[in-house]
Each structure stands twice: as C-alpha cells, then as structure tokens.
Amino acid sequence: MGTQDGIQSCRTVVCEAPVNIAVIKYWGKKNEDLVIPLNDSISVTLDTEHLRARTIVSLDPTSDGVQFSLNGKEETPSKRFMKVIALCKSEALRQGSIRENDTTLGLRIVSDNNFPTAAGLASSAAGISCLASALKAVYDIQGDISGIVRQGSGSACRSVYGGFVRWHTGHAGDGSDSVAQQIRPASHWPELRVLILVVNDKKKDVSSTSGMKESVDTSDLLRYRADFIANARCEAMTAAITDRNFEKFAELTMRDSNQFHAICLDTYPPIMYLDDTSKAVINLIHAYNRKSGRILAAYSFDAGPNPFLFTLSENLQSLVELLRLQFPSANSSFLRGLTDFLLKSPENVEYGDILNPVSDSVQYIIVTKAGEGPKTSVNEVPMSPFC
Ligand code: PMV
C-alpha cells in the first residue's frame, strides 16, 4: 500500500490518542463549516497511560461502508466522524498514496475510551484525533493532519501533538493555516501534574458546539475576549510554559477558565456548566494558594462541572490531602493514576480553617501528567477478500 498502484495490502491500524485540556480556551468559531476559531488556544496533552481513546481501523474489501462501534456498542457514525474519513481520503488521493477506487474500500472501526464519554472530559477530542491518526497510517498520509482533525472537532486538533500545544486561528479564509503546533514536548516540564476530579460523568446538557454558537450570537464579552484578550494571553502563556513559570501559568489558566465561564453566563439565555462542587473547588484552590502565600495550584473547567487541577509534583501530596479532607469519600479507588506519592508519610498540614467538607461530591480523582501525541501500530496482511 502507499505505492503508485494504490492500496496493495490490508492494514489494521491500532491507535491510542490523548485527551488535551485547554489552559487558554477555544470558545466560538469565525467560520462554522470550516471550524475556524475566533482566537488561538493553548492546551496540555495528557498522558495516554491514564486517559486515552483507542481506535482500531481495518480495511474491509467486502463492503464499501463504515462499520463503527464505540465502547462495545454498534453506533451510527456521526457527521463529524464521516467528515474526517472523507477528508483523509481526499488528502490521500491528493498526495497520491491511494487511487480513486481505493476510496470505496469499506472500513471497520472499533473505538473505546478508558474514561467517561462526553462528560466534559474532552472525549471527542481524543476520539476524533485518534480516528484521523489511525486513518493517516491506513492511507499513508504524510505531514500534519491537525487541519483535518480541526474540521471534525475543533479542540481535537490539539490532541495531534504531545506536550504543550497552540492552535492558531490563522489568517487564510479557507482555514489552511488554522493548525496546531507544539510549543514544547511533555519532557520539557516533567514536574507538572494534572488532577481530574470527576464530579459528574453524565453527558453534558449543552454541547460545546451549540453552546459556543449561542455565545457567538449573543455575548458581547466573547467579542471583547476575541478582539483584545485571548491572543495576547496565548503569548503570555507560551512564555510561562517556555520558562516553566508555574505561578504565571497557574494564574493565566485560572483567569482564562473564569473568563470562559463568564462568557457562558453572558450568553443569553445563560449557559451554566459549573455546579456547586465546581464552585467549592474554585474557592478551595484560592484559599489554599492564599494560605500557602504563593500559587501552588490552579483550576480549569471545560464545558462541564469536572475540575482539572494543575500543580507541581512537589506540592501534589499536600493538594491531594486537602482534597481528601474537603471531599471525604468511601470510594476505595478514589485516587487513580499516578499515586506513588501516597507511599510518602502524610504531611500533617493544618487546613482546618479553609475546609468545609462535603462528602461524596467528588466520585474519584485521576492524577496524571503531560504526555505524548497519538501512537499507532500497523499490522499488514496481503489483500484478499477475507482481510
Ligand atoms: O472542540 P469542542 O467543540 O469540543 O469545544 C471545546 C471547548 C472547550 O473544551 C470548552 C475549550 C477548549 O479549548 O478545549
């Protein structure tokens, strides 16, 4: 396959792709069809060890359709899913790695996520970037595919790269320069830790697609952000990441999350993604930072109530102790992921004055770190009616 003669063998590609968490948010498109954002955004790609989408794609010469299952259930592929497949095929045709009649070969696609789907945990980002990365290997596409992924699901284009990633809105009317670029790889800041507090793993009420459209139509604050704030913040955030300046990184992250949710409230009628637990986490983190005399932790929220926290490994233990005292839980697997720090003896810090414990409002916490981009492995067998 991938020769002048088009596809010569059957490939099965297994791809694992990461979730990314925006620290400077994307919210609003200037072109709906092409998914061109109003402003640049920046994210941290998370380690696939703890959160990942996995997609297995195989060519099916016995059909010309797409068979798709997600988390063990047969599903009708969504429009955005089919769009990514169509864009990958036309890019492969343009590059000459497949021929016209190869585009009619069927596809069997099996996907699963190891975390709650569509709960504001960026599952669509991981899923769409996983699909496109697998198809890149199936069709032998060369070069950057973030422009394709963007058109399937905007924020997903940042999951094409590991580490710290900026999605540029670009200047071209056709979106050709609206692509993601790595700022620094994950290895640049190995001490950074990310905590995902799962307060609710139900599907969100207002999808990000419809929510951001309503904000574009009705929020003056969104316009102001796009014109005067977001791109300048991306510059400041790039510098904070480059310098590994945690306090700057954390302050920008919290301010940007707050501004995004202020825009949701400025949308008419308002959209409310945060719940009481989210608000308790915001207050707790500010109290913790105040008590510490410097910024040791930051929060960020996407289109859902689940808090994402950032801290450095040296402060992880004290932050987790604080969270356990604030959100007591009977769940025996309350802490998941990178939990080796639990082997250390407790720090016995006195948090009494900033606590207001609420039991069982956090279901569990995933502790993770920045990680690499999608990984694919390819298994090739000769083309036959049975492959
Ligand atoms: O790409 P979408 O449609 O899932 O939108 C994502 C929007 C936020 O997660 C809220 C922010 C972001 O930049 O990821």
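## Loops, domains, core and ligand site

D360 sits in the loop that runs between β15 (335–337) and β16 (364–369). The model is predicted. The phi angle of D360 is near 60°, a positive value in a residue other than glycine. D360 counts as exposed, because its relative accessible area is 52% and the cut-off for exposed is over 50%.

R244 also has a positive phi, near 50°, and is not a glycine. R244 lies in the loop between α5 (220–242) and α6. Its relative accessibility is 44%, so R244 counts as partly exposed.

A third loop residue is P269, placed between α6 (246–266) and α7. The peptide bond joining Y268 and P269 is cis, with omega at about -5°.

**Two domains**

The protein splits into domain 1 (9–189 + 378–382) and domain 2 (192–369). Their C-alpha centres are 26 Å apart. Across the boundary, 33 residues of domain 1 contact 57 residues of domain 2.

**The core**

The largest nonpolar core holds 113 residues. Within this core, Y139, L195, F249 and F310 touch the most other members. Helix α2 (residues 123–138) is the top contributor, giving 10 residues. Both domains take part: domain 1 and domain 2 each supply at least three residues to this core. In soluble globular proteins, nonpolar side chains tend to be buried together.

What does F249 contact, beyond its neighbours within four places in sequence? The partners of F249 are V23, V44, W189, L192, M237, A240, I241 and F310.

**Two buried residues**

V194 belongs to strand β12 (residues 192–198). V194 counts as buried because its relative accessibility is 0%, and the cut-off for buried is under 20%. Leaving out neighbours within four places in sequence, V194 contacts L46, L309, F310, I366, V367, T368 and K369. F310 thus appears in the contact list of V194 and in that of F249. V194 and A298 are 104 residues apart in sequence, yet their C-alpha atoms are 9.5 Å apart in space.

T277 lies in helix α7 (residues 276–292). Is T277 buried or exposed? T277 is buried, because its relative accessibility is 12%. With neighbours within four places in sequence set aside, T277 is in contact with V199, F327, S361 and V362.

**The ligand site**

How many residues surround the ligand? There are 13, and the closest are A22, Y26, S155, R158 and S208. Polar side-chain atoms of S155, R158 and S208 approach oxygen atoms of the ligand, at the distances below.

| Residue | Side-chain atom | Ligand atom | Distance |
|---|---|---|---|
| S155 | polar atom | oxygen | 2.7 Å |
| R158 | N or O | oxygen | 2.7 Å |
| S208 | polar atom | oxygen | 3.1 Å |

On its own, the ligand has 380 Å² of accessible area, and the protein covers 93% of it.

Terms used:
Residues numbered from 1 in each chain as written. Predicted model: local features only at pLDDT ≥ 70, side-chain atom pairs only at ≥ 80, totals over all residues. Heavy atoms only, no water. Core = buried A, V, L, I, M, F, W, Y, C linked by side-chain atoms within 4.5 Å. Buried < 20%, exposed > 50% of the residue type's maximum accessible area, 1.4 Å probe, protein only. Helix = DSSP H or I, 4+ residues; strand = E, 2+ residues; numbered from the N terminus. Domains from an automatic or database assignment. Contact = heavy atoms within 4.5 Å. Near = heavy atom within 4 Å. Polar contact = N/O pair within 3.5 Å; in protein donor to acceptor, adjacent residues only side chain to side chain. Areas by Shrake-Rupley, 256 points an atom, 1.4 Å probe, with all protein chains shown as cover.
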